[in-house]
Each structure stands twice: as C-alpha cells, then as structure tokens.
Amino acid sequence: MSDPISGKNQNKRQYAYLLTPAGVEEKTRITQAFLKRKEAEFEAIQREIEALKGDLEPTQPAARKGAKSTKTAPR
C-alpha cells in the first residue's frame with residue numbers, strides 16, 4: 001500500500017524477485033532497446049531543432065522601449 005504523503009510503497013516485498021541469468025539477459029536486452037530508441041528520438045529532435053533554426057530569417061533586434069533612437073532627424 002502506498003503512503004499518501006510520500007507516495008512510497010510500504011510493501012517492499014512485492015519488488016523482491018530472483019534474477020536468473022536468463023532474467024538478467026532479458027533485462028539487459030530490454031534496456032539496450034530502450035536506450036537505442038531514446039537515442040534515436042533525441043537525434044531526431046536535434047535535427048528538427050536545427051531545421052527550425054534554419055527556417056528562421058535573420059531579423060533586426062526590436063527597439064527597446066524607452067531607448068533613445070540612434071537615427072538623427074533630417075536638418
């Protein structure tokens with residue numbers, strides 16, 4: 001049963017299990033597949049960010065409110 005305040009499970013025995021060599025092998029394979037999938041997602045996101053940055057047109061910085069203009073009035 002979970003502690004409503006900490007959210008921690010008070011019954012730790014339900015987590016206890018024996019890892020056989022086959023179980024360790026299976027967990028390793030699952031973990032490797034997970035990491036490979038997450039690395040591919042990360043790389044795809046990085047490519048998407050770079051593409052989006054490339055789509056941005058260079059813009060001039062907007063004038064700050066209250067800043068003095070550098071333009072001079074015609075004489």
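Three salt bridges are present in the structure, which is a predicted model. The chain that carries them contains 1 helix and 0 strands, and the pairs described below are accordingly considered one after another along helix H1, which spans residues 21-55.

In the pair formed by Arg29 and Glu26, the closest N and O atoms are separated by 2.6 Å. Both residues belong to helix H1, where they stand 3 residues apart, a spacing of about one turn of the helix. With a relative accessibility of 48%, Arg29 is classed as partly exposed because the value falls below the 50% over which a residue counts as exposed. Glu26, at 35% relative accessibility, is likewise assigned to the partly exposed class.

A salt bridge also links Lys38 with Glu41, and here the distance between the closest N and O atoms is 3.3 Å. The two residues are again found in helix H1 at a spacing of 3 residues, or about one turn of the helix. Lys38 has a relative accessible area of 35% and is therefore partly exposed, while for Glu41 a relative accessibility of 38% leads to the assignment as partly exposed.

For Glu50 and Lys53, the closest N and O atoms of the salt bridge lie 3.8 Å apart, a distance that satisfies the criterion because the cut-off is set at 4 Å. Glu50 and Lys53 are separated by about one helical turn, because they are 3 residues apart in helix H1. Lys53 reaches a relative accessibility of 51% and therefore counts as exposed, the threshold being over 50%.

Outside the helix, Leu19 is located in the segment before H1. When neighbours within four places in sequence are left aside, Leu19 is in contact with Val24 and Lys27, both of which carry numbers that fall within the span of helix H1, residues 21-55. The relative accessibility of Leu19 is 41%, so this residue counts as partly exposed.

Over the chain as a whole, 3% of the 75 residues count as buried. The surface exposed by the chain amounts to about 8,100 Å², of which carbon and sulfur atoms supply 58%. The residue-level assignments given above can be read beside these totals: Arg29 is partly exposed at 48%, Leu19 is partly exposed at 41%, and Lys53 is exposed at 51%.

Key. Residues numbered from 1 in each chain as written. Predicted model: local features only at pLDDT ≥ 70, side-chain atom pairs only at ≥ 80, totals over all residues. Heavy atoms only, no water. Salt bridge = Lys/Arg side-chain N within 4 Å of Asp/Glu carboxyl O. Helix = DSSP H or I, 4+ residues; strand = E, 2+ residues; numbered from the N terminus. Buried < 20%, exposed > 50% of the residue type's maximum accessible area, 1.4 Å probe, protein only. Areas by Shrake-Rupley, 256 points an atom, 1.4 Å probe, with all protein chains shown as cover. Contact = heavy atoms within 4.5 Å.
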